[in-house]
Amino acid sequence: MKITDALLDLVFPPKCPFCRKIQDAPGTCQACEKDLPWTGEAGGLRRLPGGLLCAAPLWYEGAVREAVLRMKFHGGVSAAAALGALIAQEAAERFSGQFDGAAWVPVSAKRLRRRGFDQARLLAESACGLWGTKPEALLRKVRDNPAQSGLDRAEDRWRNARGVYQAAGEVRGRRILLIDDVCSTGATLVSAAETLLAAGAAGVVCAAAAFPRPEEENRGEKGKE
């Protein structure tokens, strides 16, 4: 731990990202570990259009949704550590031996300047840190398209996500775990994965912190990014 991190822990004690209760160490508290809306064995793996597989440990509702929104829009970046750890566990269980590197779905340069951080990168760094490695910047977002979460219709989300990424770094022959915060329709992850595959990636699997429940997945959140 860096000295600055230690000082911050003295001034701002670590809190569970879901219930916000102060605890001795960063991460999910025991009560939330028991009560969170886990996707479970049956719900935690989805096959997206084109056959792309995505895993997620949690349903995007209640305290999970609040933690993700707080991280993205209100500077609650400490939640990335706990969410990243859950992504790492889910990806390891679902995709063991199926990837040899990890990347994240990037925000645009304009949004990065405005927000000051890329939440998917923070999640990827947290997940990879538990494996003793680092994620790679294998994608670049080249168009600042409207936020997916502001679009209600699934067809609009698919259209909006097309052609917004370019491959970067060494992709050819790689098997890549692609990480994002929430997978709803899957449009963003499919677009990013297709970009990597077109650049020569040998395979792509995906992991996110949460899925909306099936009956909620096509509903947008107006005003959100």
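R20 is found in the loop between α1 (3–11) and α2 (30–35), and this briefing starts from that residue before turning to the protein as a whole. The model is a predicted one, and the phi angle of R20 in it is near 70°, which is a positive value in a residue other than glycine. With a relative accessibility of 36%, R20 counts as partly exposed, and R20 is also one of the residues in contact with R70 of the chain.

**The protein as a whole**

- The secondary structure of the protein comes to nine helices and eight strands, and buried residues make up 52% of its 225 residues.
- Of the contacts in the protein between residues at least 6 apart in sequence, 74% join residues that are at least 24 apart.
- The accessible surface of the protein comes to about 11,200 Å², and carbon and sulfur atoms account for 52% of that surface.

**Helix α4 against helix α5**

- Helix α4 covers residues 62–73 and helix α5 covers residues 79–95; their axes come within 10 Å and cross at roughly 125°.
- An angle of roughly 125° lies outside the ranges for parallel, antiparallel and perpendicular arrangements, so α4 and α5 are described as oblique to each other.
- The crossing in which α4 passes α5 is left-handed.
- On the α4 side the residues that take part are A67, V68 and M71, and these meet A79, A80 and L83 on the α5 side.
- Sorted by class, this contact of α4 with α5 has six nonpolar residues, with no polar and no charged residues.

**Helix α5 against helix α7**

- Helix α5 also packs with helix α7, which covers residues 119–130, at an angle of about 60° and with the two axes 7 Å apart.
- That angle makes α5 oblique to α7, and α5 passes α7 in a right-handed crossing.
- The residues of α5 in this contact are A80, A81, L83, G84, A85, I87 and A88, and they meet L122, L123, S126, A127 and L130 in α7.
- By class, the contact of α5 with α7 has 10 nonpolar residues and two polar residues, and no charged residues.
- A80 and L83 are named in the contact of α5 with α4, and A80 and L83 are also named in the contact of α5 with α7.

**R70 in helix α4**

- R70 has its place in helix α4, and at 21% relative accessibility R70 counts as partly exposed, because the cut-off for a buried residue is under 20%.
- Leaving aside its neighbours within four places in sequence, R70 is in contact with P17, F18, R20, G75 and G76, and R20 in that list is found in the loop between α1 and α2.
- R70 and P17 are 53 residues apart along the chain, and their C-alpha atoms are separated by 9.1 Å.

**E90 and A92 in helix α5**

- E90 has its place in helix α5, and E90 is buried, with a relative accessible area of 11%.
- Apart from neighbours within four places in sequence, E90 is in contact with G44, A55, A56 and P57.
- The C-alpha atoms of E90 and L45 are separated by 9.4 Å, although the two residues are 45 residues apart along the chain.
- A92 is likewise found in helix α5, and A92, at 35% relative accessibility, counts as partly exposed.
- A92 and A207 are 115 residues apart along the chain, and a distance of 10.0 Å separates their C-alpha atoms.

**Q166 in strand β6**

- Q166 lies in strand β6, which covers residues 165–167, and at 42% relative accessibility Q166 counts as partly exposed.
- Not counting residues up to four places away in sequence, Q166 touches L138, L139, R140, V142 and T195.
- The C-alpha atoms of Q166 and E194, which are 28 residues apart along the chain, are separated by 10.0 Å.

Methods
Residues numbered from 1 in each chain as written. Predicted model: local features only at pLDDT ≥ 70, side-chain atom pairs only at ≥ 80, totals over all residues. Heavy atoms only, no water. Helix = DSSP H or I, 4+ residues; strand = E, 2+ residues; numbered from the N terminus. Buried < 20%, exposed > 50% of the residue type's maximum accessible area, 1.4 Å probe, protein only. Contact = heavy atoms within 4.5 Å. Areas by Shrake-Rupley, 256 points an atom, 1.4 Å probe, with all protein chains shown as cover. Axes fitted to C-alpha atoms, helices over the stretch in contact; angles between N-to-C directions. Parallel < 35°, antiparallel > 145°, perpendicular 65-115°, else oblique. Left-handed = near helix turned anticlockwise from the far one by under 90°. Nonpolar A, V, L, I, M, F, W, Y, C, P; charged D, E, K, R; others polar.
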